Amino acid sequence: AERTDLVLDLDRWVLQHAVQALANPRAQAAGLRLEVNVSARSLENPDLGRWILERLKEAEVAPARLGLEITETTAIKSLDAARLLATRLTEAGCGFALDDFGAGFGSFSYLKYLPFTTVKIAGEFVRQVDDHDVDRALVTAVVGVAHQLGMRTVAEQVDRPALVTHLRALGVDDGQGFHLGRPRPLEALLAEL
């Protein structure tokens, strides 16, 4: 899909469904917020930011309830496109996350020059933060820089209670992983609200 225009249609389909889910009265009452991963090809589409904001406005969904995520490697490949889209969406109130930070041996300079609202710390550094000093040092560094830049942090691959305790002590804001919640269909999530 990445090599063809199909990925552009897929990304817009997922974004449209996310906005429709956020417009659901139960989702609105619960303050549900969704994050959507966007492909590198869509990131380079100069019309995407306008299109997203139009869908939110039509559905009467506050932009703060939608976030986009791009991987670090995508941001590196399309630095200018990432900056333009992130600026447009964050100025409107949407979230914008740098996903898998550190997985591609990322540079802190990306955090300085891209207006992200969130940094998602790669699971590679999170998985053994309770046992390895080097992983603790790396997570501590990412948290410190992100917080200094006004960004929230999310630890990926949190799969056991011990990690929650250590990550909280290091100042990580949020987590995602099987210990915290397993993936489930959107319809099931909406039914639980």
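In the predicted model, the residue E156 is buried and yet takes part in no salt bridge, the nearest side chain of opposite charge being that of K120, which is 4.1 Å away. This separation leaves the pair uncounted because a salt bridge requires a side-chain nitrogen of Lys or Arg within 4 Å of a carboxyl oxygen of Asp or Glu. E156 is placed in the loop between β5 (152–155) and α10 (161–169). When neighbours within four places in sequence are left aside, the residues in contact with E156 are D99, D100, K120, I121, A122, G123, V126 and Q176. K120 therefore appears among the contacts of E156, although the two do not meet the 4 Å limit of a salt bridge.

Elsewhere, charged side chains do form such pairs, and a search of the whole structure finds 15 salt bridges. As a general matter, side chains of opposite charge can pair when their charged atoms come close. One of the salt bridges joins D47 to R12, with the closest N and O atoms 3.5 Å apart. Because D47 lies in the loop between α3 (40–43) and α4 (48–59), whereas R12 belongs to helix α1 (residues 6–23), this pair ties together parts that are 35 residues apart in sequence. Both partners are partly exposed, D47 having a relative accessible area of 26% and R12 one of 21%.

A second salt bridge is formed between the side chains of E58 and R55, with a distance of 2.8 Å from N to O. These two residues are 3 residues apart in helix α4, so that about one helical turn separates them. The surroundings of the partners are not alike in accessibility, for E58 counts as exposed at 57% relative accessibility, while R55 counts as buried at 13%. The pairs described so far are also connected with one another, since R12, D47, R50, E54, R55 and E58 are linked in a network of salt bridges.

A further salt bridge is found between E192 and R184, where the closest N and O atoms are 3.1 Å apart. In this pair, E192 is exposed, with a relative accessible area of 54%, whereas R184 counts as partly exposed at 43% relative accessibility. Set beside these pairs, E156 presents the contrasting case of a charged residue that is buried and has no salt bridge.

Terms used. Residues numbered from 1 in each chain as written. Predicted model: local features only at pLDDT ≥ 70, side-chain atom pairs only at ≥ 80, totals over all residues. Heavy atoms only, no water. Helix = DSSP H or I, 4+ residues; strand = E, 2+ residues; numbered from the N terminus. Buried < 20%, exposed > 50% of the residue type's maximum accessible area, 1.4 Å probe, protein only. Lys, Arg positive; Asp, Glu negative; His and termini not counted. Contact = heavy atoms within 4.5 Å.
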